[in-house]
Amino acid sequence: MTPRSTPRFDVDLDALDANLAVVGATVMPAATMLIVKDDAYGHGIAAVVPRALARGVRWIGAFDVPTARAVRDAVAGDVRVFVWMLPSSDDIAEALALDLELGVGDAELLDDVARVARDRATPARVHLKIDTGLHRNGFRPEDWGAAVARARQLEREGAIRVVGVWSHIAEASDRDDDDARAAFDVALAQTHRAGLTPELRHLAASSASFARPEFRYDLVRVGAFAYGVPPAGGPTAEALGIRPVGRLVGTVTAIDGDDAQIDMGSLHGVPSTLGGLISVGTGDGPRRLLSVGLTQSRIDGRALAPGDEVVVFGGGAGGAENATALAERIGTIGEEIVTRVSPRVPRNTLP
Ligand SMILES: *Cc1c(COP(=O)(O)O)cnc(C)c1O
């Protein structure tokens, strides 16, 4: 294989396969919705979505309509695509044209969806969102009774069909998550009393879908674990059985005394605050990252030579750490490390 130019972001689709297999086996009989917001957490929708479908994933969670459009462009075929950010009537119209399923968490949006859908031959497929405590949109519990009554009326009129009820939880404390689940179950009971028959209930993201079987319901929405990003402060990747899909790779450009310079910096997405805090991977084992500049960084250069490749984070041998290990050093989460890799860094799909 010819050497690839750097900086580059390797996307290991075999690792994605393996992670999806672990997710699927862990959450079954619940189904998996692969979350692909932020261009598949920086890994690239065009590569990730076809591979996920080939591995049996039948649900993609796309956040907004532009992301869903990229999903539809990447694959033709039998996949259900869910969006939950619909800021305008134009978004709703395009969502329906793209045959998306719509997460709806407020009364105005529900009526807007019904209005746009009435002009079409088929009802809009809606997943009603209950706010179970995160306060990131969703019908408030005190408004849920009116919401499901209104949704039932719109179903009767043929404008919508309620196929799902869902919520999002913090996954930071078991106690808060338990409270959220109790609120979710109350909302589900009200939903059925209103005469709605949603076939899909979904609540958990990566962490709860692994750790809390009772949170799986019919469908889990998994992003981080599919990309091999474990939770900050939680179980390790090894314990979860997942491995990094993305790997950020640079090259030694010069040796300067004991230091080596590499061709990657904060403009490529490496947080400058990581200087002095992490090790990068090399063919000769881990080396300390000394400082991060705009387009160049310095590492401990022992036994390195110009042309040697350096893995800033991700999989592979050589002592590179994973995105979550980096994130923990600077008080953020692994998702933030992978999604901030600049779009200007070419994605290189492996194998
Ligand atoms: C991002 C997101 C997820 C996936 O979360 P992970 O922790 O990355 O698995 C699930 N649901 C919603 C609504 C999200 O925004």
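Colleague: How many bridges join S13 to strand S14?
Modeller: This is a predicted model, in which local features need pLDDT of at least 70, side-chain atom pairs count only at pLDDT 80 or more, and totals for chains, interfaces and linings use all residues. Residues are numbered from 1 along each chain as its sequence is written, and side-chain values use heavy atoms, with hydrogens and water left out. Strands (E, at least two residues) and helices (H or I, at least four) are DSSP runs numbered from the N terminus, and two strands pair if DSSP finds at least two bridges between them. S13 and S14 (residues 297-300) run antiparallel, and the number of bridges joining them is 3.

Colleague: Which residue in S14 is the bridge partner of leucine 289?
Modeller: A hairpin joins S13 to S14 through 4 residues. In S14, serine 291 is partnered with arginine 298. For leucine 289, the partner is isoleucine 299.

Colleague: Which strand is joined to S14 by 4 bridges?
Modeller: The two strands run antiparallel. One bridge sets isoleucine 262 against serine 297 in S14. The strand spans residues 259-262 and is S11.

Colleague: Which residue in the turn between S12 and S13 has a positive phi?
Modeller: S12 (residues 279-282) and S13 (residues 287-292) run antiparallel, joined by 2 bridges. One bridge pairs serine 279 with arginine 288. The hairpin has 4 residues between its strands. The phi of about 100° belongs to glycine 285.

Colleague: Now the ligand. How many residues surround it?
Modeller: A residue is near a molecule if one of its heavy atoms lies within 4 Å of it. The closest are Lys37, Tyr41, Ser206, Gly223 and Ala224. The residues surrounding the ligand number 13.

Colleague: How far is a ligand oxygen atom from an N or O atom in the side chain of serine 206?
Modeller: A polar contact is a pair of N or O atoms within 3.5 Å. A ligand nitrogen is 3.5 Å from an N or O atom in the histidine 168 side chain. A backbone N or O atom of alanine 224 lies 2.8 Å from a ligand oxygen. For the serine 206 side chain, the distance is 2.6 Å.

Colleague: What share of the ligand's own accessible area does the protein cover?
Modeller: Accessible areas come from the Shrake-Rupley method with a 1.4 Å probe. On its own the ligand has 390 Å². The protein covers 90%.

Colleague: Which elements give two or more residues to the shell around the ligand?
Modeller: The shell has 7 nonpolar, 3 polar and 3 charged residues. Here Ala, Val, Leu, Ile, Met, Phe, Trp, Tyr, Cys and Pro count as nonpolar, Asp, Glu, Lys and Arg as charged, and the others, Gly among them, as polar. The elements are helix H2 (37-41) and strand S9 (219-222).

Colleague: Where does aspartate 39 lie?
Modeller: Most residues other than glycine have a negative phi. Aspartate 39 is not a glycine, yet its phi is positive, about 50°. The residue lies in helix H2.

Colleague: Which proline does a cis peptide bond join to leucine 350?
Modeller: Most peptide bonds are trans. A cis bond joins threonine 6 and proline 7, with omega about -5°; proline 7 lies in the segment before strand S1 (8-12). Leucine 350 also has a cis bond, with omega about -5°. Its partner lies in the segment after strand S16 (347-350) and is proline 351.

Notes
Polar contact = N/O pair within 3.5 Å; in protein donor to acceptor, adjacent residues only side chain to side chain.
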